[in-house]
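Biologist: I should be grateful for a close look at a single part of this structure, written so that a first-year student can follow each step. Please set out the surroundings of that part as well.

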Amino acid sequence: MNIIVVGLSHKTAPVEVREKLSIPTPQMEAAIAHLCSYPHIEEATILSTCNRFEVYLVVRETEQGVREVCQFLAEYSKLALLQLRPYLFTLLHQDAVSHLMRVSAGLDSLVLGEGQILAQVKHTHKVGQQCEGIGRILNQLFKQALTAGKRVRTETSIGTGAVSISSAAVELAQMKVKNLAASQIAVIGAGKMSRLVVQHLLSKGATQITIVNRSMQGAEELAQQFKDADLKLCTLADLIPVVAASDLVFTAATSSEPLLDRTSLEAVLEPHQTLMLFDIAVPRNVASDANELSHVWVFNVDDLKAVVAQNQESRRQMALEAEGILEEEMEAFEIWWRSLDTISTISSLRNKIETIRSQEMEKALSRLGSEFGEKHQEVIEALTRGIVNKILHDPMVQLRAQQDIEARRRAMQTLQVLFNLETQQII
C-alpha cells in the first residue's frame, strides 16, 4: 500500500480553476464513495478549502491510483485532463505525509501560520471517517497531523498575530480607503469567514456594517456574537440595493453561481460611483466581468498575496522552529507505518499459540472430569492465558521495536519458518 496526495492549491492554480474543484460538505460523501469505488483506491478523503483542493489516498498501486484520482478530478471539474494537469501536484508517501503535517501546522497556507486550516483538517478527518473513506492508515496519518498542528500552535509563536484570509481582506480594504469608519460596508454571508470579516472590521473602527444572508436567522446568529455593534441585517432579497448603497462589499457566501456580475451592478450604480468588492469565497461570489466596469474594483483571494507578504517575514524564524516539531511527528508516523508489516506475523503467531492452548486445555479438562473442570476451569483458563502472554511478550516487543527494515524482515521470516506460520498481508 502507498499513501499519495493529488491536488491543487493557491500555489499551483488560480482561483478560476480552484473554484471548479470546490466540494461542499453535503456532497462530500458521494465524492468519497466515488473515489473508493475505483479498483486501486483503498482509502480516500478530501480537503476542500478556498485555497486548496487535495485528495488524500491509500492505493494498492501508485501509478494506477494516481491515474484514477486524476480521472475523478477531471470528471468533477468538467475540465479536460490536459487542461487540468498543469495545475495538479502529486506527492508520494513521505512527501505526502510531510505535506499534510505542514498543511495542518499552517506552514503551507497563503497566510503563514494561519489557524483556520487546523479546524479544516480536523473536519476533513471527521467527514472522511463518517463517509467510511478513512481506514486504518489515513486515520493514523490525520491523527498525527492534527497532533503536529496543535503542537506547533502551543510550542511556537507562529500563530501570534497571524492573519486569516478574512483579516487580510480587511487589511487590504484599509489600505485602499484609509478610514473604514466613514465607509458604508456590506458583508455577504453569515458563516465563519464572514464572522471573521466583521470581527476585523470592528477592530479597525468600522461602524456602518450591513449583514446580508440567505436566511435572516443566520444573520441574527452572527449578529448575536457582536452584541455591542450596531449591525444591520438583510436577506439576499435586498442584496442589490444594499450593494448599491455601499462603498465596500465583502462576499463570503456559499453559492455555486456568482451573486453579482457586471449586468446587476451596472443597473444600480451611478456612472461615477466607486465600489470595492472583496470576494473571499470559493467558488467566487462576484463574476470576473464585474471588473470591466471602470468604477468597480474586484479583489479575490489571489489578490490578498501582497497583503500576506508583508506579514510573512516576521514568521519565517518561527516556521523554522515548527519544522523541528513536524520532523518529530513525521518520525512517529514512520515508526507506526514500519510496524504495520509485523502485524500479520504477530497475529498468526498468537493465533497458532492460542489454538494449541485451547486444544491442550480441552484435553486436560476432559481427563480431570466434568466436576473438577467446572470448579477450576476459570483458574486454569487464566493460568494458561498468562503463560502464553508471558512467552509471547518479549518476541512481540522486540519485533515491533526493530527499526532496521531488513533485520525486521529476517526476524519475521525466522518466526514464520520456526512456527510454520501462514500469514496474510494486513495492508
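Modeller: The account below begins with one strand and then turns to its partners, the open spaces and the aromatic rings. The model is a predicted one.

The part chosen is strand S3, which covers residues 52-59. Is S3 enclosed by the rest of the structure, or is it open? Of its 8 residues, 8 are buried, so S3 is largely enclosed by the rest of the structure. Here a residue counts as buried because its relative accessible area is under 20%. In a regular strand, side chains point by turns to one face of the sheet and to the other. In S3, Arg52, Glu54, Tyr56 and Val58 lie on one side, while Phe53, Val55, Leu57 and Val59 lie on the other. Both of these faces are covered, and all the residues named on them are buried.

Strand S3 has strand partners. With S1 it pairs in the antiparallel sense, over 8 bridges. One position shows this pairing: Leu8 stands opposite Phe53 of S3. With S2 the pairing is again antiparallel, over 7 bridges, and here Leu47 has Glu54 in S3 as its bridge partner. S2 and S3 also form a hairpin, with 3 residues between them.

Val5 offers a view of S3 from strand S1, which spans residues 2-9. The relative accessibility of Val5 is 0%, so this residue counts as buried. Leaving aside residues up to four places away in sequence, Val5 touches Glu54, Val55 and Tyr56, and also Phe89, Thr90, Leu91, Ala96 and His99. Val5 and His93 are 88 residues apart in sequence, yet their C-alpha atoms are 8.3 Å apart in space.

The spaces within the model come next. A probe the size of a water molecule, rolled over the atoms, shows where empty space is left. The structure holds 2 cavities of 30 Å³ or more, and the largest cavity has about 130 Å³ of space. Its lining consists of 14 residues, and those nearest its centre are Cys50, Asn51, Glu114, Gln120 and Ile165. Helix H6 (residues 116-130) supplies the largest share of this lining, namely 3 residues. By class, the lining of the largest cavity has 6 nonpolar, 6 polar and 2 charged residues.

The largest pocket has a volume of about 1300 Å³. It is lined by 47 residues, with Ser22, Pro24, Thr254, Val282 and Pro283 nearest its centre. The elements that give two or more residues to this lining are strand S2 (41-48), helix H3 (62-77), H6 and helix H9 (192-203). H6 gives the most, with 6 residues. The pocket lining divides into 22 nonpolar, 18 polar and 7 charged residues.

The aromatic rings complete the account. A pair of such rings is described by the distance between the centres and the angle between the planes. The count for this model comes to 6 aromatic pairs. One of them joins Phe250 and Phe278, whose ring centres are 5.0 Å apart and whose planes meet at 20°, so the pair is stacked. Phe250 lies in strand S8 (residues 248-251) and Phe278 in strand S9 (residues 275-279), so the pair ties together parts that are 28 residues apart in sequence. Phe250 counts as buried because its relative accessibility is 1%, and Phe278 counts as buried at 1% as well. Ring pairs link Phe250, Phe278 and Phe299 into a cluster.

Note on methods
Residues are numbered from 1 along each chain as its sequence is written. This is a predicted model: local features need pLDDT of at least 70, side-chain atom pairs count only at pLDDT 80 or more; totals for chains, interfaces and linings use all residues. Side-chain values use heavy atoms; hydrogens and water are left out. Helices (H or I, at least four residues) and strands (E, at least two) are DSSP runs, numbered from the N terminus. Buried means under 20% relative accessible area, exposed over 50%, partly exposed in between (1.4 Å probe, protein chains only). Contact means heavy atoms within 4.5 Å. On a 1 Å grid over the protein atoms alone, a cavity is a set of points where a 1.4 Å probe fits but cannot get out, and a pocket is an open set with protein on both sides within 12 Å along at least five of seven lines; lining residues have an atom within 4 Å of a point. Grid points are joined across faces, edges and corners, and a volume is the space filled by probe spheres set on the points. Ala, Val, Leu, Ile, Met, Phe, Trp, Tyr, Cys and Pro count as nonpolar, Asp, Glu, Lys and Arg as charged, and the others, Gly among them, as polar. Rings of Phe, Tyr and Trp (its six-membered ring) pair if their centres lie within 6.5 Å; planes under 30 degrees apart count as stacked, over 60 as edge-to-face and the rest as tilted. Two strands pair if DSSP finds at least two bridges between them.
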